[in-house]
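I'm opening my notebook on this one and jotting down what I look up as I go. Here is the structure I have on screen.

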Amino acid sequence: MFGNASHRSLNSSPHRGRLGGGLEFRIASRYLLGKKTHNAVNLISGIAVGGIAMATIAMVVVLSVFNGFHDLIEGLYSDFDPQLKLTPKEGKYFSEEKADSTYEALAKRGEVAALSRVIEDEALILFRGHPQVITVKGVDDNFHKVINIKDVLYGDGTYQLHRADVEYAIPGVGIGQMMGGTSFPTLQICAPRGGERINIMDPLESLSVAEVSNTGLMFSISQRKYDDHYVLISYNLAQTLFEKEGQCTAIEIKAEPGMEETVRKYAEHFGTVKNRMEQQEDIFGVMQIEKLLAYVFLTFIFIVACFNIISSVSMLILEKKDDALVLSHIGMPLKRVRNIFMCEGQIITLSGTLIGIVIGTVLCLIQQFCGVIQLGNGENFIVQDYPVSVHFIDLVLILLTALIIGWLATWYPVRRLINKTTND
């Protein structure tokens with residue numbers, strides 16, 4: 001009668017068949033924390049928790065370092081790349097009519113904080129008889145409202161690109177240093193005239209030439225793509241230089257806080273819209289691939305660490321073989337007996353993972369706020385300390401990865417050993 005009552009109570013439990021259910025979890029906890037006949041079981045369990053914790057710490061730290069470099073580079077480009085960049089779906093330039101109608105439609109939107117028309121194209125500068133291919137970026141008077149260009153200017157001058165009949169240019173620091181600093185004399189910028197062939201006898205006749213003066217300023221983005229190739233001039237001068245009156249290659253947009261996606265969906269009616277990451281897709285794409293490969297590599301290390309769980313659970317099954325037989329004889333289904341030891345493996349995995357996440361997060365926060373580890377002597381790098389940034393989504397991914405690997409690592413050994421134990 002006692003056996004039948006026990007059979008009914010075990011099978012009628014609301015937690016029946018659920019991994020980590022009330023009864024299975026309580027028994028597994030007692031097995032893990034209780035005294036063992038062989039101390040080796042406790043030792044191996046401790047080693048398993050420690051190995052998983054170390055693998056988790058490595059995963060948290062490495063992924064956070066990738067996040068740190070990602071955020072650092074994104075911050076550098078944000079000083080020159082707009083929040084959103086609208087370009088034509090076809091061709092390089094918006095027509096005059098399209099440029100005007102698009103600009104006016106966007107300007108009426110309350111979600112848009114600022115707009116700037118831009119002409120960006122390649123040109124040639126002649127300095128002391130030496131030609132240099134550059135990228136000219138002609139910007140209107142709202143450009144400094146769209147991006148924080150004034151935060152990356154160096155020199156003693158004042159930010160201005162035109163005044164009365166005088167046109168100015170602000171070069172990147174790489175081009176500026178090539179020309180001797182911020183005190184270069186009048187500079188000639190040349191661009192091929194549209195539809196004309198180059199006159200070999202007198203090439204200058206086939207070029208549109210603009211003269212610009214220096215403002216005593218240079219900009220530095222700490223990215224050679226911009227510092228060594230870009231020169232800022234006024235939008236009106238760029239229209240004249242490239243013979244694109246009323247046209248533009250892009251409309252750069254700054255959205256109100258929290259309104260970026262709303263503005264993007266609206267702007268997509270007029271052309272192709274890219275955010276900062278999409279504007280630098282080649283760089284950020286490579287960084288994402290590198291982070292993915294690091295995650296895969298560290299996952300393999302995590303798998304190796306989980307072999308200790310197999311050893312710990314296997315020895316525990318042998319230790320508690322008699323208990324498993326008793327539970328089976330009083331009516332506990334074989335699946336629930338297996339779940340006890342599966343839960344044991346999950347407790348070990350979860351304990352090691354949570355310990356690793358806490359320690360790894362603390363280490364990253366110490367580095368983030370105290371800068372314990374430095375990049376060399378800090379003189380030849382953009383930042384002095386290793387950049388780190390802990391992302392919550394990474395911690396969730398690590399936890400899920402650990403639980404899945406821990407479950408897979410114990411499923412077959414537990415199933416095989418329990419079946420063998422109960423059938424002997």
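**Strand S2 and its partners**

I started with one pair: Leu115 stands opposite Ile253 in S11. I should keep in mind that this is a predicted model. Next I checked how the two strands run, and S2 and S11 (residues 250–255) turn out to be antiparallel, with 6 bridges joining them.

Which other strands does S2 pair with? I found S3 (residues 130–139), also antiparallel, with 10 bridges to S2. Here Asp121 stands opposite Val136 in S3. I also found S7 (residues 187–192), which runs antiparallel to S2 and is joined to it by 3 bridges. In that pairing, Leu126 has Gln188 of S7 opposite it.

Is S2 mostly covered or mostly open? I looked up residues 112–127, and 12 of the 16 are buried, so I'm calling the strand mostly covered, with buried meaning under 20% relative accessible area. A note to self from class: side chains in a regular strand alternate between the two faces of the sheet.

**The largest pocket**

I went looking for empty space next. Rolling a probe the size of a water molecule over the atoms shows where such space is left. The largest pocket holds about 280 Å³. I listed its 17 lining residues, and the closest to the centre are Lys85, Thr87, Glu120, Tyr230 and Gln279. Which elements give two or more residues to that lining? My list reads strand S1 (84–87), helix H7 (224–227) and S11. I've met S11 already, as a partner of S2.

**A nonpolar patch**

Then I turned to the surface. I found a nonpolar patch there with about 770 Å² of accessible area together, and its members include Ile355, Val358, Leu363 and Tyr386. I picked out Ile355, which lies in helix H14 (residues 334–370). Why do I log Ile355 as partly exposed? Because its relative accessibility is 40%, and partly exposed covers what falls between under 20% and over 50%.

**Two positive phi values**

Last, I looked up backbone angles. Ala164 has a phi near 55°, which is positive although the residue is not glycine. I located Ala164 in the loop between strand S5 (162–163) and strand S6 (166–171). Its relative accessible area is 75%, so I put Ala164 down as exposed.

Glu243 also has a positive phi, near 55°, and is not glycine either. I placed Glu243 in the loop between helix H8 (235–242) and S11. Glu243 counts as partly exposed because its relative accessibility is 37%.

Note on methods
Residues are numbered from 1 along each chain as its sequence is written. This is a predicted model: local features need pLDDT of at least 70, side-chain atom pairs count only at pLDDT 80 or more; totals for chains, interfaces and linings use all residues. Side-chain values use heavy atoms; hydrogens and water are left out. Buried means under 20% relative accessible area, exposed over 50%, partly exposed in between (1.4 Å probe, protein chains only). Helices (H or I, at least four residues) and strands (E, at least two) are DSSP runs, numbered from the N terminus. Two strands pair if DSSP finds at least two bridges between them. Patches are made of residues with over 30% relative accessible area and no salt bridge: like charges are joined within 9 Å, nonpolar side chains (Val, Leu, Ile, Met, Phe, Trp, Tyr) within 5 Å. Accessible areas come from the Shrake-Rupley method with a 1.4 Å probe; for residues, only the protein chains shown count as cover. A salt bridge is a side-chain nitrogen of Lys or Arg within 4 Å of a carboxyl oxygen of Asp or Glu. On a 1 Å grid over the protein atoms alone, a cavity is a set of points where a 1.4 Å probe fits but cannot get out, and a pocket is an open set with protein on both sides within 12 Å along at least five of seven lines; lining residues have an atom within 4 Å of a point. Grid points are joined across faces, edges and corners, and a volume is the space filled by probe spheres set on the points.
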